[in-house]
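User: I would like the reasons behind the labels used for this model. Please set each value against its definition.

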Amino acid sequence: MITSRRMAAVDRNAAALGVPLRALMESSGNAVARRVRELTARGDSVTLVCGRGNNGGDALVAARFLDDRDVEVKLLGRPESITTEIARANWEALEAAEIDAEIVTDSHAFDLDDPDLLVDAMLGTGITGELREPEASAAHAINDSAAPVLAVDVPSGVDADTAATPVGVVEAEHVVTFHDLKPGLAEHADVTVADIGIPAAAEEVVGPGDVAVLGAGGSRKGDSGQTFVIGGGPYTGAPALAAGASLSAGADLAFVACPESVFAPIAGYSEDLIVQPYGDDGENSTTDHLAPEHVPELVDTAERHDDTVILGPGLGRHPETEDAARQFLAEFSGTAVVDADALPLVPEVDTDAALVLTPNRSELAELDGPEADDLVAHADEIRELAADLGHTILAKGVVDVITDGETVRRCRAGTPGMTVGGTGDTLAGIVAALLSRAAPFEAACVGSYVNGRAAELLDRGDGLRATELQETIPAALEGGDDD
């Protein structure tokens with residue numbers, strides 16, 4: 001089954017793969033016409049009640065395929081108010097073909113003759129709640145008719161995901177839905193699922209549709225989340241890159257917790273970062289690595305402020321640091337992206353935290369995953385590893401593999417120049433920012449795409465630098481030039 005939100009993403013991904021929405025509408029309309037023929041006989045009268053969106057557009061296409069039936073089309077509203085270009089084009093094609101059509105501008109005057117079949121094509125899967133005019137009056141007339149009803153995709157007003165049925169929804173004996181069954185139709189007595197030519201890759205490969213359906217960030221400070229990078233020590237650039245990328249991906253605030261010894265260089269990278277040093281023990285030498293005594297305060301800070309943590313960038317592998325990272329994972333119960341030096345420690349720790357792990361190929365092997373150049377060929381093994389660990393894995397390669405232990409997706413976005421150091425840190429920052437508005441698996445999928453797409457938009461070839469990705473991350477999130 002597929003939710004309405006996921007279906008919208010798949011439609012958009014199909015278009016990016018070269019199957020335009022107009023072609024999908026043609027296939028959908030043809031599927032509606034096939035089902036009409038199965039429910040009627042040659043010469044029977046069929047009335048198609050069409051809304052002004054793509055659901056109505058499907059029925060407008062169907063009308064062209066029903067020349068052996070007595071067809072009447074009723075458009076709810078003026079043609080100039082049709083909301084999509086492809087639906088409008090099919091209205092114009094219907095007019096050019098001189099198929100009987102009525103423009104309904106007064107819903108209170110809406111009436112039906114006595115057709116042999118009614119087709120409900122008013123509202124599709126994206127519209128829920130109590131019907132408004134003109135659909136409310138049309139639905140009332142449809143329900144009062146003695147004719148059987150065939151609904152296109154979902155009966156108008158019925159929630160395709162939950163099967164919720166507010167008062168006044170269309171009562172349809174038959175439904176033809178597209179690509180896959182919708183959860184809200186699972187108990188319906190007669191549902192036909194029509195294959196409309198959406199390629200499997202539209203579901204399997206992360207694409208612009210996944211970005212398009214991503215929830216928007218909040219409108220007040222804090223609503224879009226804040227990231228808390230725990231990193232730095234032997235390396236200073238990595239935590240700064242992760243924090244900066246999280247800001248470019250929409251986080252409201254980005255904090256970096258680092259040893260006192262590297263506070264100055266990390267703070268000097270950008271005025272946008274809030275750098276919080278730890279380990280200045282006064283009379284003694286300044287601490288240069290994360291140690292277990294620092295962990296309680298870090299856990300308290302992250303949980304008190306509901307931060308999304310990024311653990312690992314530039315952290316190093318000092319024995320005390322590894323002990324501290326294990327301790328943090330064991331005590332933290334929030335959401336975190338785990339990267340770089342913290343990754344091999346994850347299998348050793350029982351944690352209540354929700355983790356997204358972002359290993360490259362060598363780090364994946366350290367997690368007891370497959371040691372392979374072609375991650376896609378080993379996707380099942382990566383899925384099994386994610387299931388065993390109980391966390392989402394975003395395995396980085398030429399093609400990224402993302403899995404939550406059940407579903408596996410892959411992402412092909414990116415350029416050869418992304419082999420440069422630091423692009424994994426930007427990925428961690430993007431995913432962390434997206435965790436404020438998406439579940440871990442979705443955030444990992446979209447983060448992978450946005451990071452790769454940001455590189456494509458730069459078009460730097462082999463001259464890419466990780467810092468530059470922060471310039472194009474916002475455009476990648478907005479879907480810029482993704483056609």
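User: Which handedness does the crossing of α2 and α4 have?

Analyst: α2 passes α4 in a right-handed crossing; that label applies if the near helix is turned clockwise from the far one by less than a right angle, and left-handed if anticlockwise. This is a predicted model, in which local features need pLDDT of at least 70 and side-chain atom pairs count only at pLDDT 80 or more, while totals for chains, interfaces and linings use all residues. Residues are numbered from 1 along each chain as its sequence is written, and side-chain values use heavy atoms, with hydrogens and water left out.

User: Why are α2 and α4 called oblique to each other?

Analyst: Their axes cross at roughly 55° and come within 10 Å. Angles under 35 degrees count as roughly parallel, over 145 as roughly antiparallel, 65 to 115 as roughly perpendicular and the rest as oblique. The pair α2 and α4 is therefore oblique. Axes here are lines fitted to C-alpha atoms, for helices over the stretch in contact, with angles from 0 to 180 degrees between N-to-C directions. Helices are DSSP runs of H or I with at least four residues, strands are E runs of at least two, and both are numbered from the N terminus.

User: Which residues make the contact between α2 and α4?

Analyst: Leu 21, Arg 22, Met 25 and Glu 26 of α2 meet Ile 86, Ala 87, Ala 89 and Asn 90 of α4; contact means heavy atoms within 4.5 Å.

User: Ala 93 is in α4 as well. What makes Ala 93 partly exposed?

Analyst: Its relative accessible area is 27%. Buried means under 20%, exposed over 50% and partly exposed in between, with a 1.4 Å probe and protein chains only, so Ala 93 is partly exposed.

User: Why are α8 and α16 called roughly parallel?

Analyst: The axes of α8 and α16 cross at roughly 30° and come within 8 Å. On the angle cut-offs already given, α8 and α16 are therefore roughly parallel. Their crossing is right-handed. On the α8 side the contact is made by Leu 241, Gly 244, Ala 245 and Ser 248, and on the α16 side by Gln 470, Ile 473 and Pro 474.

User: What makes β10 and β16 edge strands?

Analyst: The open sheet has nine strands in the order β10-β9-β8-β11-β12-β13-β14-β15-β16, with mixed pairing. β10 and β16 each have a single partner strand, so one side of each is left without a neighbour in the sheet. The twist averages 20° from one strand to the next.

User: How do you know that β15 and β16 pair?

Analyst: Two strands pair if DSSP finds at least two bridges between them. Four bridges join β15 to β16, and the two run antiparallel. One of the bridge partnerships is Asp 400 with Cys 411. β15 and β16 form a hairpin with four residues between them, and Gly 405 in the turn has a positive phi of about 95°.

User: Which side chains of β16 are buried?

Analyst: Arg 409 and Cys 411 are buried and point to one face, while Val 408 and Arg 410 point to the other and are not buried. In a regular strand, side chains alternate between the two faces of the sheet.

User: What makes a set of residues a nonpolar core?

Analyst: The members are buried Ala, Val, Leu, Ile, Met, Phe, Trp, Tyr and Cys residues joined through side-chain atoms within 4.5 Å. The largest such core has 49 residues, and Ile 402, Val 431, Val 450 and Ile 473 have the most contacts inside it. α15 gives the most to this core, ten residues. Another core, of 39 residues, lies apart from it and includes Ala 257 and Ile 382.
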